[in-house]
Amino acid sequence: MDLRDSPEDAAFRSEARSWLEENLVGAFAEARGLGRAGNEHEGRETRIGWERKLGAAGWTCLGWPKESGGRGATMSQQVIWNEEYSRADAPARVGVMGEGLIGPTLIAYGTEAQKERFLDPIRKGTELWCQGYSEPDAGSDLANVQTKAVRDGDEWVISGQKVWTSYAQWSDWCFVVARTDPGQLRHKGLSYLLVPMDQAGVEVRPIRQITGTAEFNEVFFDGARTDADLVVGQVNDGWRVALATLAFERGVGLLGEIVHFHKQLDRVLDQAKRNGRSADPVLRQRLAESYVRLFILRLNTLRSLTGVEGPVAPPEASISKLFWASWHRDLGELAMDVLGTEALVADGLPYQLSETQRIFLFSRADTIYGGSNEIQHNVIGERVLGLPPEPKAVPVKAQPAKAASVKAPA
Ligand SMILES: Cc1cc2nc3c(=O)[nH]c(=O)nc-3n(C[C@H](O)[C@H](O)[C@H](O)COP(=O)(O)OP(=O)(O)OC[C@H]3O[C@@H](n4cnc5c(N)ncnc54)[C@H](O)[C@@H]3O)c2cc1C
């Protein structure tokens, strides 16, 4: 296997690098590195301008087919773009949910009218999206969604609560999984709706996180409305569409992230050399191990993308998620140990965190979102190792009146 760029890929890399050098100037250059995890609010206006500049020059939605407004870029070109983007430390993208999740879902399952209406604004960076899946009682157990949508003439009326909705406070639209047939249980009777956020029936309440910032929100739908034809896929068959969206999560973007991970590890190494902690034999072992695991992560991610043109399927997707999330969480802990007592003191008042502290605190979320570590283990256990499916709780409505305990469904 030759991991070096082919001549075509080398030319593409050079084009991407030159474009970034020529365009990441002025206010955009000042926004370098802004908006990353734990700092999502930073430089939003500039980053929206940057998203639109990328879109106008054809540097968004690279992997989308040409007929959908993308570049039809190969997987290796998408990887290269993500790597060069991270290497340039370009501002964090504001359009990731549109480009990476709802866009590909619409391309696969949307009607022609939905594609016509929504793809172009995503590509141009003029409409931003959020993902309305999780609820207080439906996270890992997504099939327990309780938000309801009821048909009223030419519209759906939506009521319920979503939670952990990233970027909802800045989004124009939300793709919502809602129950449209209350007579059906679990994953049956759900639909996948596209709901405008700017309306009286939608209230967004940011949740302040341990980083001091609010990446995610509670979203309350109280009689919110959307057009009847804004269901993706068939009514009551939203589960299939919802799973398809999840399959698009991550993938090529991880290679770009790995460039950032390298930069973060380099900072930790520098710090260890400067403050003398590199002499500590245990920390030296952990630093070397961290480097080796990151090396393996890159190779394994490249391997899982080899020959794939589309979402990475389980179990490779689960292995990758499990591996990078655990690596990054461990890096955060290692960084704190390298800082020693300094790690306990904020950079400034009232709660100004250093970059390293922020990485440590936000990385606690890595092993939760996009499917927690435990869920990834379950997927690998069942689909790779052939372990029997884990027992599922019987839904309350389906239990006989005097059922004493939870048992596996028939
Ligand atoms: C930073 C961040 C951003 C997010 N952004 C979004 C977003 O934009 N949109 C959205 O819809 N959601 C989002 N989420 C929600 C995320 O998908 C859920 O947090 C995740 O699915 C876990 O669900 P939960 O929080 O309800 O935890 P629970 O499902 O209640 O799990 C609690 C604990 O129990 C464990 N557990 C649960 N079930 C099992 C099982 N069967 N076997 C073994 N262990 C189990 C879990 O691993 C976890 O440790 C985000 C979360 C975070 C942290």
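At what angle do the axes of helix α5 (residues 96-109) and helix α7 (residues 238-248) cross? In this predicted model, the two axes cross at roughly 130° and come within 9 Å. Angles over 145 degrees count as roughly antiparallel. The α5 and α7 pair falls outside that class, and the two helices are therefore oblique to each other. Their crossing is right-handed.

**Helix α10 and its partners**

Helix α10 spans residues 316-339. Its axis crosses that of α12 at roughly 150°, and the two axes come within 9 Å. The cut-off for roughly antiparallel is over 145 degrees, and α10 and α12 are therefore roughly antiparallel to each other. The crossing of α10 past α12 is left-handed.

Helix α11 covers residues 355-363. The axes of α10 and α11 come within 8 Å, with a crossing angle of roughly 140°. This pair is therefore oblique. Here too, α10 makes a left-handed crossing, this time past α11.

**The ligand and its shell**

How many residues surround the ligand? The count is 20, and the closest are S134, S140, W164, S372 and E374. Sorted by class, the shell holds 9 nonpolar, 8 polar and 3 charged residues.

Which helix gives the most to this shell? Helix α12, residues 373-383, does so with 3 residues. Helix α12 is also the roughly antiparallel partner of α10.

Three of the closest residues, S140, W164 and S372, have the following contacts with the ligand.

| Residue | Protein atom | Ligand atom | Distance |
|---|---|---|---|
| S140 | polar side-chain atom | oxygen | 2.6 Å |
| W164 | backbone N or O atom | nitrogen | 2.9 Å |
| S372 | side-chain N or O atom | oxygen | 2.6 Å |

On its own, the ligand has 960 Å² of accessible area, and the protein covers 69% of it.

The contacts use both kinds of protein atom. S140 reaches an oxygen atom of the ligand through its side chain. S372 also uses its side chain, again with a ligand oxygen atom. W164 instead offers a backbone atom, and its partner is a nitrogen atom of the ligand.

How values were computed: Residues numbered from 1 in each chain as written. Predicted model: local features only at pLDDT ≥ 70, side-chain atom pairs only at ≥ 80, totals over all residues. Heavy atoms only, no water. Near = heavy atom within 4 Å. Polar contact = N/O pair within 3.5 Å; in protein donor to acceptor, adjacent residues only side chain to side chain. Areas by Shrake-Rupley, 256 points an atom, 1.4 Å probe, with all protein chains shown as cover. Helix = DSSP H or I, 4+ residues; strand = E, 2+ residues; numbered from the N terminus. Nonpolar A, V, L, I, M, F, W, Y, C, P; charged D, E, K, R; others polar. Axes fitted to C-alpha atoms, helices over the stretch in contact; angles between N-to-C directions. Parallel < 35°, antiparallel > 145°, perpendicular 65-115°, else oblique. Left-handed = near helix turned anticlockwise from the far one by under 90°.
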